[in-house]
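Reader: I would like to go through the labels attached to this structure and ask, for each of them, what it rests on.

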Amino acid sequence: RTLQPVGNESRDCSLLLDHVLMKHQGLWVCSIRFQDDEPYHDAMPTVVTVKTPSKVHFLETPRTQLAAENRSVTLNCSTHSAVHECVWTWYEDESKVSERVVKYNFTSVDGYDCSVVVPAVERNLQGIWQCAVRYGDPLHPNVSYARPFSLTVVKTGPIVFRAVAKWVHVLKGSSSVLECVVQEPVEECIWFYQNETNSNQASSLSQITRFQPTNFNNCSLRIEGISGAMEGSGWYTCGARNQGESNFTTAPPIRLDYAYPGNVTTQSLVSSTELLVLICQLSNVVPGASCDWMHPSQYNIFEFNTTAKYEADFNPETGICSISFRPMLVDVGHWKCVFSVNNKNLILGEASFTVLSSPQNVRLSWIVGIL
């Protein structure tokens, strides 16, 4: 190699070998000359011995990779130590390991990178891929294998969101999951936040995060204790991008509100028509809340009221929830009213009643105790 000297007064002719390979082993001589027309003067020779590593360590490789059909994809494989030959093998699935075939075999350009670019990946290349490297003595090389990974080849099309939350409530300081699942595999997910005051201004959208989906199609986002620039309540928008594309497709925004558990007050009465009426009221009115009544037999009245015996009503503006019915012996026991949000996953408050039978007076034959 020929190079210009560096350092003070151009006296430094040192040579730095960035990637030491076995071919660099041998005798090295530094020669200098003061003028172009003068002969070179040799220094004492230097012997370079390259020690073969016992094992090559690979940089982190993915366990799974997604590729779009008929588009290029890069299969990454890099090492911490110098190698001289790269081998890529493929087999269809774990049951056909014995049928693996060599797809690529080449010399590493820089001695460290064995990545390969597949220009137009096809469905028949879907399966298990593994990178192997040869290093050390070319006549008797050592071999190391990277962890195999699964390549999934998909045919991209319009992104369809299979499940997206609409309205989510969260207790302050707690965590919640904003559901966002797409129909087919995608390469990347993105989330935006928009507070309530700027809900009509597209420019007020702020990006929260970008990440690879779970199982290729789950872009759901876990919201931990909300603080900082995001005040929490507002609109959250989920987006997804196909493999090889740059634009994201977004789902309808999700409304997130804080929920505050409240006290529940109760009342009971018997109407002139001998109907028993149980009443609950939640002190903190929460938009989007629901009310359910649990029968003493531990079933939800709204789910099993097949005979229309029970008449229930809930006013979301006042937080008053009531149920009326003509009692029978099957109705004796503990009743419960439950206020909740997030598809009944977050309980805001509840109260219980105990209905007892007393036969002395028909009009007062049902004694209600509040727990």
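Author: Buried means under 20% relative accessible area, and exposed means over 50%; please keep in mind that this is a predicted model.

Reader: Why is phenylalanine 325 called buried?

Author: Phenylalanine 325 has a relative accessible area of 1%, and the limit for buried is under 20%, so phenylalanine 325 counts as buried. Tryptophan 335, at 0% relative accessibility, counts as buried as well.

Reader: What makes phenylalanine 325 and tryptophan 335 a stacked aromatic pair?

Author: A search of the whole structure finds 9 aromatic pairs, and one of them joins phenylalanine 325 to tryptophan 335, with 4.8 Å centre to centre and 20 degrees between the planes. Ring centres have to lie within 6.5 Å to pair, and planes under 30 degrees apart count as stacked, so both values fit the label.

Reader: Which parts does this pair tie together?

Author: Phenylalanine 325 lies in strand 27 (residues 320-325) and tryptophan 335 in strand 28 (residues 333-341), so the pair ties together parts that are 10 residues apart in sequence.

Reader: How do you know that leucine 27 is exposed?

Author: Leucine 27, which lies in strand 1 (residues 26-28), has 59% relative accessibility; exposed means over 50%, and leucine 27 therefore counts as exposed. Together with Val29 and Val47, Leu27 forms a nonpolar patch on the surface, with about 300 Å² of accessible area together.

Reader: What places the charged end of lysine 103 over the ring of tryptophan 90?

Author: The charged end of lysine 103 is 5.1 Å from the centre of that ring, where the distance limit is within 6 Å.

Key. Residues numbered from 1 in each chain as written. Predicted model: local features only at pLDDT ≥ 70, side-chain atom pairs only at ≥ 80, totals over all residues. Heavy atoms only, no water. Patch = residues over 30% accessible without salt bridge, like charges linked within 9 Å, V, L, I, M, F, W, Y side chains within 5 Å. Areas by Shrake-Rupley, 256 points an atom, 1.4 Å probe, with all protein chains shown as cover. Salt bridge = Lys/Arg side-chain N within 4 Å of Asp/Glu carboxyl O. Helix = DSSP H or I, 4+ residues; strand = E, 2+ residues; numbered from the N terminus. Buried < 20%, exposed > 50% of the residue type's maximum accessible area, 1.4 Å probe, protein only. Phe/Tyr/Trp six-rings, centres within 6.5 Å; stacked < 30°, edge-to-face > 60°. Lys NZ or Arg CZ within 6 Å of the ring centre and 35° of its normal.
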